[in-house]
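Please walk me through this structure step by step, beginning with contacts between charged side chains and moving on to how the strands are arranged.

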Amino acid sequence: MRDFFQRNVSCPHCGHHTELAIDGSQGDQDYYEDCTACCNSMHIKVVRNELKDKIEVSVDADDEQIF
């Protein structure tokens, strides 16, 4: 499994494409990174799946409201 790689993601706020450096050796991660175009926070989740030998990256706006 590759632990260090680049992933091209789209900002959930403005749609701007940006490249993230992902370090999968740290296991599951949950952090925020600012978009380089609109400066809004992107919620990044990195999940390391040992059984499938994959690293899954998801990006969302983290602005969902639950009523």
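**From a salt bridge to the strands**

In this predicted model, the count of salt bridges comes to one. The partners are glutamate 50 and arginine 48, whose side chains meet with a nitrogen-to-oxygen distance of 2.6 Å, and this pair qualifies because the cut-off for such a contact is 4 Å. How exposed is each partner? Glutamate 50 has a relative accessibility of 55% and therefore counts as exposed, while arginine 48, at 21%, counts as partly exposed.

Arginine 48 leads on to the strands, since β4 covers residues 41–49. Strand β4 belongs to an open sheet of three strands, which follow the order β3-β4-β5 with antiparallel pairing. The edges of this sheet are formed by β3, residues 29–34, and β5, residues 54–60, each of which pairs on one side only. From one strand to the next, the twist of the sheet averages 25°. Between β3 and β4, which run antiparallel, there are six bridges, and in this pairing aspartate 34 stands opposite serine 41 of β4. In a regular strand, side chains alternate between the two faces of the sheet.

Another pairing is found earlier in the chain, where strand β1, residues 4–10, and strand β2, residues 17–23, run antiparallel and are joined by seven bridges. Here serine 10 stands opposite histidine 17, which lies in β2. The two strands form a hairpin with six residues between them, and within that turn glycine 15 has a positive phi of about 85°.

Methods: Residues are numbered from 1 along each chain as its sequence is written. This is a predicted model: local features need pLDDT of at least 70, side-chain atom pairs count only at pLDDT 80 or more; totals for chains, interfaces and linings use all residues. Side-chain values use heavy atoms; hydrogens and water are left out. Buried means under 20% relative accessible area, exposed over 50%, partly exposed in between (1.4 Å probe, protein chains only). Two strands pair if DSSP finds at least two bridges between them. Helices (H or I, at least four residues) and strands (E, at least two) are DSSP runs, numbered from the N terminus. Axes are lines fitted to C-alpha atoms, for helices over the stretch in contact, and angles run from 0 to 180 degrees between N-to-C directions.
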